[in-house]
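Open the model in your viewer and keep the selection panel at hand. This tour goes from stop to stop, with a short look at the whole chain along the way.

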Amino acid sequence: MTELSVKSIKRSRLMYIFEAAFEYLISILVSGSFLATLTNELGMSDSLTGVLSSIISLGCLFQLLSLSIRRTVVKRIVIMFSIINQVLFMLLYVIPLTSFKNQIKIPLFIVLIFSAYLIYNIAHPKKINWLMSLVENNHRGRFTANKEIISLISGVVFSFGMGTVIDHFSNTGRIRVAFIISAFIIFMLMVLHSLTMIFAVEKPLPCDALKNLKHTLIELAKNKNILPITVVFLLYYISTYISTPFYGTYQIGELGLNLKFVSAIAICGSVSRILISRFWGNYADKKSFAVMIEKCFIFLGLSQTCVIFAVPSTGKVMFLVYYILHGIALGGINSALTNMIFQYIPREKAADALAVTQAVAGLTGFLTTLCVSPLVSHIQRNNNSILGLNIYAQQFVSIIALLFTILTILYTRCIFIKNT
């Protein structure tokens, strides 16, 4: 490798860090309270907003469509798909400004956001495979941690800043101005995001990447590492989606916490995640991502235990500790899940493996929440009682989630750690 190519690789890694940050900032503006502000302006009901959020969580399923992209060079198509995706996100803030009736605006909004996530997820596995190939195997933990830290810090500042701007114009009756500013911000971030990918180099994939889809799926099925990694994804998503979607209403409703306090402790969780990410990255590079993720799952289990003991008299303390422990866990889990693919799967098959595992896990997570929802409603209708026990629904589902987390820890130790 020449000196020039070494410099281009280093520059491209820096571009990858900025790319992830800009993409994260755009995602903030089309999710959570920002998305709720848009849907509220369009007159959508809370239930429709909830369904819309659930559809978005199914985005990983769309990654299966990325399997149809069979080429050794993917940079151009990834950039094109990213631009289309972000233009659609920008248009979400334009729809409320139009003179269309709500009967047209709402279906159009749903079509645009669905299409945006569809396009995003088609390109996502290919993009990750392209940019992660620029990072050496023994530095992926630290690199991923640094990338996540930059995104999280910029995200905290960006969320606070944009939230303040939108609140200001909303309180003065000029919400349309806030939407114009938000659309312009997305446009500027899109330009910066595109430039980071344009200035990043690409290592062409081996010719094996050109094998037809049927042959690729057969080879993936034969790979002895695919199924064990997919099981880890599945167990983690089940553990998460059994409980986490119900915590928001629990904090505001049964526990009586105000939004200001919830926002403050959520920031504590982000800070703990930022502070621990570099440690987890170094730990994974020295040990392995399997060893690291096992330790992260322990912290995840401890965070779920906090919710089990969260009642109105202890809610503030328990959820503060929950967010801190959960931040510590997430500081390594997301990185490890992705990097386990690159550690155990050949590069020419890594993008397809990532698409399959995330699609299966994403669908499983969505179905898990749907299956648990009737149980939550049943416990609440019975005055927070089940099997003769007086217990809040969120406490009960947290117990189930903890059991799945323990199962995930045992599985990871038996399958990955003992065999390495």
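Select Ile-79 to begin. Leaving aside neighbours within four places in sequence, Ile-79 is in contact with Met-197 and Ile-198. This is a predicted model. Ile-79 sits in helix 4, which runs over residues 75–92. Is Ile-79 buried or exposed? Its relative accessibility is 12%. Ile-79 therefore counts as buried, since the cut-off for that class is under 20%. Now draw a C-alpha to C-alpha distance from Ile-79 to Ile-186. The viewer should give 16 Å, for a pair 107 residues apart in sequence.

**Next: Thr-196**

Colour residues 175–198 to show helix 7, then pick Thr-196 within that helix. What does Thr-196 touch beyond the residues up to four places away in sequence? The partners are Met-15, Phe-18, Glu-19 and Phe-22. Show those four as sticks. Next, look for a polar contact. The side chain of Thr-196 reaches the backbone oxygen of His-193 at 2.5 Å. Thr-196 has a relative accessible area of 5%, so this residue is buried.

**Pull back: the whole chain**

Zoom out and switch to a cartoon. How many helices and strands are there? The chain has 15 helices and two strands. Along its principal axes, the C-alpha trace spans about 65 × 60 × 40 Å. The radius of gyration is 22 Å. For 420 residues, a compact globule would come out near 22 Å, so the chain agrees with that expectation.

Colour by burial. Of the 420 residues, 52% are buried. Now turn on the contacts. Among those with a separation of 6 or more, 84% join residues 24 or more positions apart.

Add a surface. The chain exposes about 19200 Å², and carbon and sulfur atoms supply 69% of that area. Then mark the charges: 34 positive and 16 negative. Their mean positions lie 2 Å apart.

**Next: Thr-357**

Go to helix 14, residues 347–381, and select Thr-357 there. Why does Thr-357 count as buried? Its relative accessibility is 1%, and the class takes residues under 20%. Apart from neighbours within four places in sequence, Thr-357 is in contact with Thr-230, Phe-233 and Ile-341. Add a C-alpha distance to Val-232. Thr-357 and Val-232 are 125 residues apart along the chain, yet their C-alpha atoms are separated by 9.5 Å.

**Next: Tyr-241**

Select helix 9, residues 226–243, and centre on Tyr-241 in that helix. Tyr-241 has 23% relative accessibility and so counts as partly exposed. Where does Asn-171 lie relative to Tyr-241? Draw the C-alpha to C-alpha line: 35 Å in space, with the two positions 70 residues apart in sequence numbering.

**Last: Gly-248**

Move to helix 10, residues 247–252, where Gly-248 is placed. Gly-248 counts as partly exposed, at 36% relative accessibility. Finish with one more distance. The C-alpha atoms of Gly-248 and Val-262 are separated by 8.9 Å, and the two residues are 14 apart along the chain.

Terms used
Residues are numbered from 1 along each chain as its sequence is written. This is a predicted model: local features need pLDDT of at least 70, side-chain atom pairs count only at pLDDT 80 or more; totals for chains, interfaces and linings use all residues. Side-chain values use heavy atoms; hydrogens and water are left out. Helices (H or I, at least four residues) and strands (E, at least two) are DSSP runs, numbered from the N terminus. The radius of gyration is taken over C-alpha atoms; the globule rule is 2.2 Å times the number of residues to the power 0.38. Buried means under 20% relative accessible area, exposed over 50%, partly exposed in between (1.4 Å probe, protein chains only). Contact means heavy atoms within 4.5 Å. Accessible areas come from the Shrake-Rupley method with a 1.4 Å probe; for residues, only the protein chains shown count as cover. Lys and Arg count as positive and Asp and Glu as negative; His and the chain ends are not counted. The place of a charge is taken as NZ of Lys, CZ of Arg, CG of Asp or CD of Glu. A polar contact is a pair of N or O atoms within 3.5 Å; within protein, one must be able to donate a hydrogen and the other to accept it, and residues adjacent in sequence count only if both atoms are side-chain atoms.
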